[in-house]
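Look first at the bound molecule, then at the sheet. The walk below takes them in that order.

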Amino acid sequence: MVVIPAVVLAAGVGKRMRSARPKVLHTLCGRPMLWFVLEALREAGEVAPIVVIGHGADHVRRAIGDGVRYVEQPEPLGTGHAVMQAAPLLRDTDGPVIVLFGDTPLITPQTLRRLLEHQRATGAAAVLTSAVVDDPTGYGRVLRGGDGRVAGLVEEADCTSAQRAVREINAGAYVFRTPDLLEALPHLTRDNAQGEFYLPDAVLWLLRQGRCVEAVEGNPEEVLGINSRRHLAHVEGVMRARILDRLMDAGVTVVDPATTFVHAGVEVGQDTVIHPFSTLGEETRVGQDCVIGPHAHLIGARVGDEVTILASTVEHSEIGEGTTIGPYAHLRPGNVIGRRVEIGNYAELKNARVGDHTKIHHMSYIGDAVLGARVNIGAGTVTCNFDGRAKHVTHIEDEVFIGSDTMLVAPIRLGRGAVTGAGSVVTKDVPPRGVAVGVPARVIRYRAKDE
Ligand code: UD1
Ligand code: CA
């Protein structure tokens, strides 16, 4: 299959965003808007993106990575000028080339395929994407002739008042026959209201040469371009709904889509229920038959099947099958939690490994710790992991019973089946089955095998 080049314009300043950050790196559902454009291209077929960068070029390269080619536009002299920068990379192409804007992230692979198909079927020099919208403010308008064919394109700044009333807009997504595009580019001028080289003028030039120009109608939602923070919020809402629709179509229950926030790329298994006011961010994966929320916040969480997470925050941690978390637990990064574990109210865990069937209810801090299976952590237990200079590890072996309000001063190890008394401050290792009580704790006896 022939690989089709796609020029993605991402060099603009994005003045209307009022931001120090390049516009195309502003995020929607956790990913830079430019990422969605590249993703749509990837899903559309065998496409080789060429990203035109300029303002904040290094940031864009870093955020998007090496999967695409970059060309730099030294000065933002307009969309036509941006495409000119990619021209040297298109010289050997005689088939189609896609041209997209990095600030139009809702464009779908289906529309891109329709544009390509339409260009192939008609042999058109240019196929543009149009849409009829309620409010065309800010967009270039598509002008039709008496025969209904595209007769012109005009930027809003250059519109007459009659043209301003036209509600059919140019979405800025095109497929050109590459030789036609390359032929048109040198004819662009800056003779317009904004003093820029307009890409739509390349289409106009082709029209004037009598070449075939076609338009494919997209839906008004997918052509939304982001020029301001208000647009950003609006498009975020559309993107969020799309992500939730995809989850629901795959068998996830979303109780209230209006208050559920799921980042792009998050995976959720079948028959999981997501309750209101929950956010699933950054590379989170949730298994099947889970109950998430209300008020669950997951960031980089890897959650097994049948897990319940109620009103809690889980950051960059793994949760085993059948475990329950919350309400009001905070799992900071680096935890690996086993199966059927119970983590309850006001428990904070950081960098802890927790074995199967262990219980950590009520107001505990477990940091830099390795807990075995079937351990019971009493209310108010603290692993004192920091001595003011360094962090130390607490080891708690299988079936240890930690009494309420125990302070475990790390580094320390409690052997299998050990017990601590309520309120004890344990500063020395406790041997297997040892019962340690007091401040500082002393081993007063050993549990019998059947105890
Ligand atoms: C552009 C179109 C307009 C269309 C609208 C659709 C032109 C002249 N206008 O207007 O017809 O209706 O998009 O959303 O094409 N860019 C560069 N280099 C530049 C200028 C822009 O790379 O020198 C990039 C920007 O980063 C952006 C895209 O091109 O991703 C569009 O630029 P923008 O200034 O937002 O164009 P609009 O005014 O929205
Ligand atoms: Ca724009």
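A polar contact here is a pair of N or O atoms within 3.5 Å. Keep that cut-off in mind for this predicted model.

Start with Asp-103. An N or O atom of the Asp-103 side chain lies 3.0 Å from an oxygen atom of ligand 1. Two backbone contacts reach the ligand as well. At Leu-9, a backbone N or O atom is 3.0 Å from a ligand oxygen. At Leu-77, the corresponding distance to an oxygen atom of ligand 1 is 3.3 Å. On its own, ligand 1 has 760 Å² of accessible area, and the protein covers 92% of that.

Now take in the surroundings. The largest pocket is the space that ligand 1 takes up. Three elements each give two or more residues to the shell: strand 1 (4–10), helix 3 (79–86) and strand 10 (168–177). In total, 23 residues surround the ligand. Gln-73, Gly-78, Thr-79, Glu-155 and Asn-170 are the closest. By type, the shell holds 11 nonpolar, eight polar and four charged residues.

Next, move to the sheet. Strands of a sheet pair through backbone hydrogen bonds, in parallel or antiparallel fashion. In this model, 12 strands build an open sheet with mixed pairing. Their order is 12-15-18-21-24-27-29-31-34-37-39-40. Strand 12 (253–254) and strand 40 (442–446) are the edges, each pairing on one side only.

Within the sheet, pick out strands 24 and 27. They run parallel, and two bridges join residues 324–325 of strand 24 to residues 342–343 of strand 27. Which residue of strand 27 does Thr-324 stand opposite? The partner is Glu-342.

Note on methods
Residues numbered from 1 in each chain as written. Chains lettered and ligands numbered in written order. Predicted model: local features only at pLDDT ≥ 70, side-chain atom pairs only at ≥ 80, totals over all residues. Heavy atoms only, no water. Near = heavy atom within 4 Å. Polar contact = N/O pair within 3.5 Å; in protein donor to acceptor, adjacent residues only side chain to side chain. Areas by Shrake-Rupley, 256 points an atom, 1.4 Å probe, with all protein chains shown as cover. 1 Å grid on protein atoms, 1.4 Å probe; cavity = no way out; pocket = protein on both sides within 12 Å on 5 of 7 lines; lining within 4 Å. Sits in = over half its atoms within 2 Å of the grid points. Helix = DSSP H or I, 4+ residues; strand = E, 2+ residues; numbered from the N terminus. Nonpolar A, V, L, I, M, F, W, Y, C, P; charged D, E, K, R; others polar. Pairing = 2+ DSSP bridges.
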